[in-house]
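Biologist: I would like a close look at one loop and at what surrounds it. Could you start there and then walk me outwards through the neighbouring parts?

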Amino acid sequence: MTSFLFKIIFRTLASLPLSWLHRLGALLGHITFFTSKQYAVRTEENLRQAHLATDELHYTTLLNQSINEAGKGIAELPWVWGRPLEQVCATVQSCQGWEHMETAHARGKGIILLTPHWGCFEVVGLYVGQRMQLTCLYRSPKQTWLETIMRGGRERGLAKLATADVSGVRLLFKALKRGEAIGLLPDQVPSNGEGEWINFFSRPAYTMTLSGRLAQSSGATVVLAYAERLPQGQGYAMHIEPLLLDFEQSVPLQINAALERVIATAPAQYL
């Protein structure tokens with residue numbers, strides 16, 4: 001009964017305009033912040049420890065914006081997963097750097113798409129997967145009903161999913177060998193033994209090493225791809241840029257530094 005109710009709510013939310021969902025999400029974000037002490041404390045501590053605010057007034061502004069954007073990120077999921085693929089991709093108002101994807105595809109060595117939890121990261125996979133073969137690594141949610149909705153929302157066009165386990169990693173290797181693109185969330189905490197403790201905004205973070213291993217073994221082109229959430233539900237602005245890695249140096253450290261640079265452009269949009 002609970003899963004059935006959630007599915008009804010999900011479909012109802014998906015029918016609403018994106019601008020409405022963003023306004024609703026901002027409200028829910030503040031409700032969650034003021035009703036969950038644990039969430040509020042964690043949000044405040046993370047923002048302070050990132051040292052992105054120049055003074056107390058700037059910190060207060062960033063905190064308020066972060067609460068808004070976190071709520072928007074949750075509220076927009078039914079829309080992104082539930083609307084037709086063409087309609088979702090049409091909300092991408094601009095895409096800077098798509099030529100890097102075309103150049104990398106022409107090389108035939110595969111593409112490693114690194115997408116941080118910044119802006120609407122769900123749109124990135126759909127936008128790329130509408131144009132070329134893409135295999136994205138993902139973790140299954142605990143709720144079975146959400147698994148069905150998630151896969152239905154993400155596996156569209158030329159995009160498919162690979163589970164975050166040994167069999168899934170094999171699928172990534174095979175996709176790169178075929179010259180296709182794969183997608184990874186580089187700031188997702190890896191399983192024990194599959195990462196390294198690397199500084200991220202001046203504090204140690206357990207960081208995945210898979211993307212570096214895949215890049216070094218395959219010779220694939222590595223790109224950062226992220227979708228900025230535009231104000232008032234206007235859609236998204238995609239950004240794609242090549243990430244040149246020096247394999248003589250720490251690759252996770254280089255990736256974290258690149259993520260820090262992206263996040264600093266609009267800190268409130270980082271989850």
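Which residues does Gly233 touch, not counting residues up to four places away in sequence?

Modeller: Happy to. First, a word on the model: it is predicted, so local features need pLDDT of at least 70 and side-chain atom pairs count only at pLDDT 80 or more, while totals for chains, interfaces and linings use all residues. Residues are numbered from 1 along each chain as its sequence is written, and side-chain values use heavy atoms, with hydrogens and water left out.

Gly233 touches Leu18, Ser19 and His22, once residues up to four places away in sequence are set aside; a contact is a pair of heavy atoms within 4.5 Å. Gly233 sits in the loop between β8 and β9 (236–242). Helices (H or I, at least four residues) and strands (E, at least two) are DSSP runs, numbered from the N terminus. Gly233 counts as buried because its relative accessible area is 17%; buried means under 20%, exposed over 50%, and partly exposed in between, using a 1.4 Å probe and protein chains only. For a sense of scale, Gly233 and Ala104 lie 129 residues apart in sequence and 32 Å apart in space, C-alpha to C-alpha.

From the loop we can move to helix α2, which covers residues 18–35 and includes Ile31. Ile31 is partly exposed, at 43% relative accessibility. Together with Leu24, Leu27 and Leu28, Ile31 makes a nonpolar surface patch of about 330 Å² accessible area. Such patches join residues with over 30% relative accessible area and no salt bridge: nonpolar side chains (Val, Leu, Ile, Met, Phe, Trp, Tyr) within 5 Å, or like charges within 9 Å. The areas come from the Shrake-Rupley method with a 1.4 Å probe, and for residues only the protein chains shown count as cover.

Helix α2 also helps to cover the buried residues of α3, as does α4 (56–75). Helix α3 (residues 37–49) has 13 residues and reaches 18 Å from its first C-alpha to its last, close to the expected 18 Å; the expected span is 1.5 Å times one less than the number of residues. Its buried residues are Ala40, Thr43 and Leu47. They cover an arc of only 70° around the axis, which puts them on the same side of α3; the arc is that of the directions from the helix axis to the C-beta atoms. An α-helix has 3.6 residues a turn, so residues three or four places apart point the same way. Lys37 and Gln38, on the other side of α3, are exposed. After α3 comes His51, with a positive phi near 55°.

Helix α4 brings us back towards β8. The 20 residues of α4 should span 28 Å at 1.5 Å a residue, and its end C-alpha atoms are 29 Å apart, which agrees. Among the buried residues of α4 are Tyr59, Leu62, Ile67, Glu69 and Lys72. The buried residues of α4 pack against α2, α3, α5 (77–82) and β8 (221–229). Here charge comes in too: Glu69, Lys72, Glu76 and Arg229 are linked in a network of salt bridges. A salt bridge is a side-chain nitrogen of Lys or Arg within 4 Å of a carboxyl oxygen of Asp or Glu. Two members of that network, Glu69 and Arg229, turn up among the contacts of Gln269, which also include His117, Trp118 and Ala227, leaving aside neighbours within four places in sequence. Gln269 lies in the segment after α12 (251–265) and is buried, at 10% relative accessibility.

Nine salt bridges are found in the whole structure, so let me add a few from elsewhere. Arg154 and Glu122 meet through their side chains at 2.6 Å, N to O. Arg154 lies in helix α9 (residues 144–154) and Glu122 in helix α8 (residues 121–129), so this pair ties together parts 32 residues apart in sequence. Both Arg154 and Glu122 are buried. Within α9, Arg151 pairs with Glu147, their closest N and O atoms 3.9 Å apart; being four residues apart, they are separated by about one helical turn. Arg151 is partly exposed at 25%, whereas Glu147 is buried at 17%. Finally, Arg178 bridges to Glu180 at 3.0 Å.
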